[in-house]
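This report covers one sheet, the helices packed on it, and one helix pair. The structure comes first.

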Amino acid sequence: MQTEPEEGLLADRFRAGAGTRRPLRAPQAASSRYAARPLRARGLAIGIDIGGTKVAAGVVDPTGAIIASARRETPGQDPRAVEAVIVDLVRELGRGRRIRSVGIGAAGWMDLDNGTVLFSPHLAWRNEPLRANLEKALRRRVTVLNDADAAAWAEWRFGAGRGESRLVLITLGTGIGGAMIMDGVLERGRHGVAGEFGHQIIVPNGHRCECGNRGCWEQYASGNALGREARELATANSPVAQTLLHEVNGNVDAITGTVVTRLALQGDPVCRELIDDVGQWLGLGLANLGAALDPGTFVIGGGLGAAGQLLIEPARRAFERNLTGRGFRPAARITAAALGPEAGLVGAADLSRIRHRPLLGRAYGTPPSGRPSERR
Ligand SMILES: [Zn+2]
């Protein structure tokens, strides 16, 4: 249930326009651990966010501001057609500008070392050498990233996670996306596939998940879960669901998480209750992540993040109630994302121009050279 921003409106939020308050502060510097290797982000880069329906692109300056943007429909699932759209967007936005690099964010698992897409749920990409193909076509450095990683990087550098040494991003859309920045490193696990927080099993034998398991967190704390609960209420023809039914002219199938969020923000008490329930599930899963990862900040983004404090307050209560060792340990901050739906393209652009391959190499699980026995 990613909400589509109005064209240009969000780009304006990032622009240092006359008369508008600039929401971006100075970018996050390298963490102390990597102070000897400061992040260098000079010049302009193009970030591209490949979604299931739209390909969004923007020219991003070193402060994280989008100074120009463009978008196209996602041209089906054919990798060649998607590459052609990317090339077209880069040529359009690069006209008259000196573009140093291009960063691509897409849902799925990326092998950053080889620039290949191992698997993408929405696009028919399997072991696709996206980076090599695009570098040849564009004659520029290209970085290929998971979209949640890109968004986490943007929030850490320019948004709600600035100054945080250990950050976990949770994006609540149709499912749950996740990413971690730990001591300035985009942490992807040994095989590059970490961050699948949405598939922690939180209710044994609970709702079936499309991953094949039952009871995954994203079946309880996502936009889809919110829509499902609201439809259930409406199908039962509950008198409390009249506002919901009126909003969709009686068409129960048209009730989505986006509709519920909108009504909740307008003050509808039942939709607020539904979001409160989802928030409590969110907090329970965050308590599990807090026990395992001990981050300083959880940043909550994605379409459902638009519910703001209606979601975050109950999440915080459930988090504090379920966190192991509560009362005897500092608890993580839980905060709404600051950069909106364009965070992915901002982060992809910014990462593409930062020459810190050693960090990314570690983040993506490059094995040490030599066999273990030889390293001793
Ligand atoms: Zn699952």
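Two strands count as paired when DSSP finds at least two bridges between them. The model described here is predicted.

**The sheet.** On that criterion, five strands form an open sheet in the order β3-β2-β1-β4-β8. The pairing is mixed. β3 (66-73) and β8 (141-146) are the edge strands, each pairing on one side only. Neighbouring strands are turned against each other by 20 degrees on average, direction ignored.

Strands β1 (residues 44-50) and β4 (residues 99-106) run parallel. Seven bridges join them. Ile48 has Ile104 of β4 as its bridge partner.

**Helices on the sheet.** Helices α4 and α10 pack on the sheet. The table gives the strands they touch and their directions.

| Helix | Strands touched | Angle between directions |
|---|---|---|
| α4 (residues 147-158) | β1, β4 and β8 | about 100 degrees with β8 |
| α10 (residues 343-353) | β1, β2 (54-60), β3, β4 and β8 | about 135 degrees with β1 |

**The helix pair.** Helix α8 (residues 269-293) meets helix α9 (residues 309-322): their axes come within 6 Å and cross at roughly 40 degrees. Therefore α8 is oblique to α9. The crossing is right-handed.

Which residues make the contact? From α8 they include Arg272, Ile275, Asp276, Leu282, Leu286 and Gly290. From α9 they include Leu310, Glu313, Pro314, Arg317, Phe319 and Asn322. The residues of this contact divide into 13 nonpolar, five polar and five charged.

Conventions:
Residues are numbered from 1 along each chain as its sequence is written. This is a predicted model: local features need pLDDT of at least 70, side-chain atom pairs count only at pLDDT 80 or more; totals for chains, interfaces and linings use all residues. Helices (H or I, at least four residues) and strands (E, at least two) are DSSP runs, numbered from the N terminus. Axes are lines fitted to C-alpha atoms, for helices over the stretch in contact, and angles run from 0 to 180 degrees between N-to-C directions. Two residues are in contact if their C-beta atoms, placed from the backbone, lie within 7 Å. Angles under 35 degrees count as roughly parallel, over 145 as roughly antiparallel, 65 to 115 as roughly perpendicular and the rest as oblique. A crossing is left-handed if the near helix is turned anticlockwise from the far one by less than a right angle, and right-handed if clockwise. Ala, Val, Leu, Ile, Met, Phe, Trp, Tyr, Cys and Pro count as nonpolar, Asp, Glu, Lys and Arg as charged, and the others, Gly among them, as polar.
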